[in-house]
Every structure is written in structure tokens, then in C-alpha cells.
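User: Hello! I am new to this structure and would like to get to know it step by step. Could you walk me through it?

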Amino acid sequence: MMTARAQSSDDLELQARNGVPEAQFALGEKYRNGSKGIPKDHAKAFYWIRKAADQGYALAQATLGYLYQNGYGTDKDPEKAFYLYQLSAEKGVTWAQNALGDCYYFGEGVTQDFKTAVEWYRKAAERNLPDAYYNLGWCYEKGKGLEPDQKLALLYYRKAASLKQMQATTRLSELGFDTTQIKEQAREPEMTPDMVAPVDIYSVPEAHVNESTLANAEAGNMISQYVVGEQYFQQGHEPEAFHWWRESSEQGYGKASLKIGMCFYQGGVIPHDYPAAVFWFTKAAEQGEKEGYFMLGQCHERGNGVPQEFRKAAECYDKGGYSNDAARCTRKWLQQTHADRDDYLAMSVGQLERLAGEEDPLAQCHLGLVNFTENNRDEAMKWLKACLNNSKADSNTKDAARKFADLIDAINEDEMLLYQIWGLF
């Protein structure tokens, strides 16, 4: 065991060189984080922590797994990270149990296995680890490794949020819950050494934001809030950026909603979450941000957070004014479903125009019909004639186009006929 004399760097290194695993681990941590008299040195941190891990010291094994996982002081090696997390987790190191659950959940260093991930998250949650509560809530919400249960998901999210777990508080907000009271009553968790996971040894420098812009943001200006979020984000302070974008979004600024959606879509410090991204992209679109429609189109086209539906993707692109993307997805939808004539009736004028311009005979015929119903007879006749002259049109389509063209000719000769037709409706 380490003695009180091992507090100085010299004493600590002496004990480490004498093979005391606790001293080796403590010295490695000092090199990992940097401290008075010991500069930060990733290679030396790895050397001493591995020395302690080789002697079976559980905390050192877990931290060595972390170094292998992230490539700090060594090459990245997910398999070794998984092996070391497993050794440490089986000895009861709480944060290693949660990390092992992550390995199984994401398939890092081991075959993906949601059920086993849940088992390890439960072990860590039994020790009151906030991150484990959040992970269990996520698994219950998404039905990963167990049957989905929204009530239990909310229970675990609330438990995590009550211990100041930021992701859980954010998730509750996304699900429509007022987290004001939870934030006010939240307390710091009681953390023992085996519960404290390492933090990134590459420290993030202090952020510098424009003081006047920050003052305007704090006063409630939504554009300033968005700009401050951008400044934080560019300097690697994602949680602060997310906070200010939320403030801006709640006041109706679509660009901020779009940014939050992109954070969930791309993943990172904020959890990778396609359904949440869809929520924020929808909000951005409703707030007038046309790029929100584009990202919704991407989600529907790729099946990210929503079922893959080319038709809905085309509609989203169309609303945002992304005509080429709308046309591409419309074609994909038609190829996928072999759409019949009635499906063309559900298309927007923009979609029909793009398809008609690409020599789609059914689109030409229906565009003629649309313009006829709007009493745009010249435009209707233009597309009906295009259909009649289209070599790709089948006989039924040409018959329909010919009947409407004859009807328009008849109306042009006798204007009263138009009113007789409308009188039938």
C-alpha cells in the first residue's frame, strides 16, 4: 500500500520503481493529466499505468483500456480496450462496467450485442452511476436489448437527470418534458474512485466569446444566442454551444434548430440520435429554415430516424425548393413502387413539371389535367399535346390526353360549355 510519504513526486516515483501498483497508477495519472513538477506526457502515462495493470490493479486495467480505446500514448486497439475493460469490470470497477456496456452496444472490440450491453449497464446502475442510468433509459426507449418501455425509459432518464447527467436532461426536454424542477432539485452524485471515468487528456482551452454578443444573448436576443453558440462550437465547447442554440431555437430562430438537429444527426459530444435530429429538422422547417426541409428529405431518403420513403423525401425537397433532389427521389419512388396513374394525382405541380420535362408521359398528361382544372387552357393543351407526341406514352395515356384535348377545343369554341361542366360539380 502507498504511504503518506508518497505524496511528493520523488517519493511517488520511488515507490513506483519499487513495484507498488498503487504508486505506479498514481504516477501514470499524474503524467496523464499533468501536475506540479510533472509535465503531461502521454507515453510515460501509458508506461506506468500499464505497469500497474500488469500486476492486476483493477483501476489501472480500466484506465489502460481507455488509453488503448482512444490511442493515448499508444496505437488505438479496440480489442485490447475491450479485454481490459472486461478484466476491470469483473473486479467491480463501476465506470469500466459502463464502458464495457458501450463496447457491446457499439460493437467496439467485440461483436455487437445489445442484450449483453444492457446487463453491464445494469451492473453499473446498481452502483448509482449517472451515465449508466442514462444508457438504460436509452435502451428502454429504443428497445435495444430488451422490450421497449417508455415508462421505464423516463424513470431512468429522470434518475440520471436528478444526478446532473446532462444528456438525460436534454433527452427529457426533447421528449417534451419540463425539466425546470429537475434541474433545480438535482444534486451532485456521490462518486467513489471506481465510478470516475477518465476525461480526455487533451484539455479543451478556455473559450473566448465576444463580450457584447454574450451580453445581448443573455438579454434574450435570439440571433446573438445563435452567434454565441457558434463561437463556443468553433472552440470545441459543444455543451455550451448546444445550450445557446436551444435558447435561440425556443424563440423561433430556425438556424439554431437546424444546428441542434445536425448535432444529433452527426453525433459527437451530444449523443448520435436520428429521431431527435428529425424532431429538430422539422422544427427548423416550421420556423422557415429551408435547409430543414433538405435534411428532412435526407432522413426520409436514407431511412434515418424515419422509415425510408422516397415519396416523402421528394415532398420535403420540393417544399425547400431543392428541385433536383425532389426529382431524383420522385423517380426512385416511381421505380420502387411501379406507381399507377392515381399516384400522379398526389404529386405537387413542381414534381409533375420536373417529370414532364423529362418526357414522362403520365406526368405530362396529369399536368395537363391540373392546368385544365385551374382553367389554364393554353398550358393544359401544351402538356396534353406533348403527351400525344410522346413515343413512350401507352395507348390508355394517349386516349386520356386526347379526350381532354378535344374537350379544351370544344370549350374554346363554346365558352358556355365550361360553365356547364363546372355545374356538374
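Here is a short run of questions and answers about this predicted model.

User: Let's begin with the whole chain. How many helices and how many strands are there in the protein chain?

Analyst: Happy to start there. The model is a predicted one, and its protein chain has 425 residues, of which 46% are buried. As for its secondary structure, the count of strands is zero and the count of helices is 25.

User: What share of the accessible surface of the protein chain belongs to carbon and sulfur atoms?

Analyst: The accessible surface of the protein chain adds up to about 21,900 Å². Of that area, the part belonging to carbon and sulfur atoms is 49%.

User: Among contacts between residues at least 6 apart in sequence, what percentage join residues at least 24 apart?

Analyst: This one looks at how contacts in the protein chain spread along the sequence. Take the contacts between residues at least 6 apart, and then pick those that join residues at least 24 apart. Their share is 47%.

User: Now for one helix. How far does helix 9 reach from its first C-alpha to its last?

Analyst: Helix 9 covers residues 150-161, which makes twelve residues. At 1.5 Å a residue, a span of 16 Å is expected. The model comes close to that expected value, with a reach of 16 Å.

User: Why do the buried residues of helix 9 line one face of the helix?

Analyst: The buried residues here are Ala153, Leu154, Tyr156, Tyr157, Ala160 and Ala161. Looking down the axis of helix 9, they line one face because they fall within an arc of 165°. As a general background, residues three or four places apart point the same way, because an α-helix has 3.6 residues a turn. For helix 9, the value behind the one-face arrangement is the arc of 165°.

User: Which helices do the buried residues of helix 9 pack against?

Analyst: Four partners come up for these buried residues. They are helix 7 (114-125), helix 8 (130-142), helix 10 (166-174) and helix 11 (180-185).

User: Which residue caps the N-terminal end of helix 9?

Analyst: Look for a side-chain oxygen that lies 3.1 Å from the backbone nitrogen of Lys151. The residue that supplies this oxygen, and so caps the N-terminal end of helix 9, is Asp149.

User: Is Thr169 buried or exposed?

Analyst: Thr169 lies in helix 10. Setting aside residues up to four places away in sequence, Thr169 touches Ala161, Thr179 and Lys183. Its relative accessibility is 13%, and the limit for this class is under 20%. Thr169 therefore counts as buried.

User: Where does Lys164 lie?

Analyst: Lys164 is not a glycine, yet its phi is positive, near 65°. It is partly exposed, with a relative accessible area of 45%. Its place is in the loop between helix 9 and helix 10.

User: What is the phi of Asn128?

Analyst: Asn128 sits in the loop between helix 7 and helix 8. At 24% relative accessibility, Asn128 counts as partly exposed. Although Asn128 is not a glycine, its phi is positive, at about 75°.

User: Which residues are in contact with Glu289, leaving aside its neighbours within four places in sequence?

Analyst: Glu289 belongs to the loop between helix 16 (274-286) and helix 17. With a relative accessible area of 14%, Glu289 is buried. Its contacts are Gly254, Lys255, Leu258 and Ala284.

User: Which residue just after helix 17 takes a positive phi?

Analyst: Helix 17 runs over residues 290-302 and reaches 19 Å, close to the 18 Å expected. Its buried residues include Met295, Leu296 and Cys299. Just after this helix, a positive phi of about 75° is taken by Gly303.

User: How many disulfides does the structure hold?

Analyst: Some cysteines are buried: Cys387 has a relative accessible area of 0%, and Cys263 has a relative accessibility of 12%. A disulfide would need a pair of cysteine sulfur atoms within 2.5 Å. The number of disulfides in the structure is zero.

Methods: Residues are numbered from 1 along each chain as its sequence is written. This is a predicted model: local features need pLDDT of at least 70, side-chain atom pairs count only at pLDDT 80 or more; totals for chains, interfaces and linings use all residues. Side-chain values use heavy atoms; hydrogens and water are left out. Helices (H or I, at least four residues) and strands (E, at least two) are DSSP runs, numbered from the N terminus. The expected span of a helix is 1.5 Å times one less than its number of residues. Buried means under 20% relative accessible area, exposed over 50%, partly exposed in between (1.4 Å probe, protein chains only). The arc is that of the directions from the helix axis to the C-beta atoms. Contact means heavy atoms within 4.5 Å. A polar contact is a pair of N or O atoms within 3.5 Å; within protein, one must be able to donate a hydrogen and the other to accept it, and residues adjacent in sequence count only if both atoms are side-chain atoms. Accessible areas come from the Shrake-Rupley method with a 1.4 Å probe; for residues, only the protein chains shown count as cover.
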